[in-house]
Amino acid sequence: MNTNVLLPVLALVFGVGGGFLGARLAGSCCASTASDAAVAPVSQHGATIAALEQRTASIERGLENLQMGLADVAAANRTAAARAPEPVAAPARATPPKSEPGVSTEVQSAIDKLLAGNVDWDESQKLWKEIEAAGKLDEVVKMLEERAKARGNDPDAQVESGLAYLQKVFRAGGGPDAGVWATKADKAFDAALALDENHWMGRFQKAVSLSFWPPVMGMQTDSVKHFEILVGQQENAPPHEGFVHTYLMLGNLHLQMGAKDKAIATWQKGLAKFPDNAELQKKLNDVH
């Protein structure tokens, strides 16, 4: 089952980054008001302005980094394997999920297709929109949450609940709920990996989500670790078209963190596995 990670984490970036900037602006405003009653030293105002400018620049860099990864994440979610305990294309489920009481035939059909794991990125988004249009999004998210609890030893069920939580992140916009749902999704992916450390989709979705947290949160280092684990697992597995995005995303992260040599080495390693991939070749051409 593929789903759109980029749009949910966009909301998270703007929510956390924007909230932090708003707090700084509010603090600056309060400092200015206080100075009307008792003039503060000029140096104090200068320090406040400098700190605000530095934080604003940091947020702007984060948004620039976000734009750099836009094409890679969108492509990854279109072509990556839906789920894979073995890092290859995931088979459809042997037994279809049971119908849920009180759910219409149309919504149940959408749920069945999502859980079957054989839909592409565009179709998965269409199915989620059908569920939302029917007013059943919260019920389906709750259903997948309860399903994951009931199937505590099933890593697929944990990932499915995490992907459902990400739908809530997207719809939360920049509000505080976005961070709550993003954290729940991250824990769901952790639960899947605790059951199966080779669960490709669980680790990939976790790594991608972490990569788009604001830099101030320090999540990029953890994202790199997960992408590097995926690279190691992929090196010992039959090639799959979804694997190319691990190299693309990991290289992007290295470049954003100032490690140009590591970025080049990562893309070169990916190109050795996928010599006809135009995206990897473009990355290498752009940095030379």
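I'll start with one short distance: a polar atom in the side chain of Asp154 sits 3.0 Å from the backbone nitrogen of Asp156. Before going further, note that this is a predicted model, and the numbers I quote are computed from it.

Where is Asp154 in the chain? It lies in the loop that joins helix 6, residues 137–150, to helix 7, residues 155–171. Is Asp154 buried or exposed? Its relative accessibility is 18%, and the cut-off for buried is under 20%, so Asp154 counts as buried.

Now the overall picture. The protein chain has 13 helices and zero strands. Reading along the sequence therefore gives α-α-α-α-α-α-α-α-α-α-α-α-α, with the helix assignment taken from DSSP runs. There are 288 residues in the protein chain, and 46% of them count as buried. On the surface side, the chain exposes about 13800 Å², of which carbon and sulfur atoms supply 57%. As for contacts, take those with a separation of 6 or more: residues 24 or more positions apart account for 65% of them.

Next, a lysine. Lys206 is in helix 9, which covers residues 200–211. At 6% relative accessibility, Lys206 counts as buried. What does the side chain of Lys206 make a polar contact with? The partner is the side chain of Asp190, at 2.9 Å. Leaving aside residues up to four places away in sequence, Lys206 touches Asp186, Phe189, Asp190, Leu193 and His226. Asp190 therefore appears both in that list of neighbours and as the polar partner, under a criterion of N or O atoms within 3.5 Å.

Last item, a helix pair. Helix 11 is residues 244–256 and helix 12 is residues 260–273. Their axes are 7 Å apart, and the helices pack at an angle of about 170°. Angles over 145 degrees count as roughly antiparallel, so helix 11 and helix 12 are roughly antiparallel to each other.

Which residues meet there? From helix 11, the list is Tyr247, Leu248, Leu250, Gly251, Asn252, His254 and Leu255. From helix 12, they are Lys260, Lys262, Ala263, Thr266, Trp267, Lys269, Gly270 and Lys273. How many residues of this contact are nonpolar, polar and charged? The split is six nonpolar, five polar and four charged. The lysines named on the helix 12 side are Lys260, Lys262, Lys269 and Lys273, and lysine is classed as charged.

That covers the loop aspartate, the lysine in helix 9 and the pair of helices.

Conventions
Residues numbered from 1 in each chain as written. Predicted model: local features only at pLDDT ≥ 70, side-chain atom pairs only at ≥ 80, totals over all residues. Heavy atoms only, no water. Helix = DSSP H or I, 4+ residues; strand = E, 2+ residues; numbered from the N terminus. Buried < 20%, exposed > 50% of the residue type's maximum accessible area, 1.4 Å probe, protein only. Polar contact = N/O pair within 3.5 Å; in protein donor to acceptor, adjacent residues only side chain to side chain. Contact = heavy atoms within 4.5 Å. Areas by Shrake-Rupley, 256 points an atom, 1.4 Å probe, with all protein chains shown as cover. Axes fitted to C-alpha atoms, helices over the stretch in contact; angles between N-to-C directions. Parallel < 35°, antiparallel > 145°, perpendicular 65-115°, else oblique.
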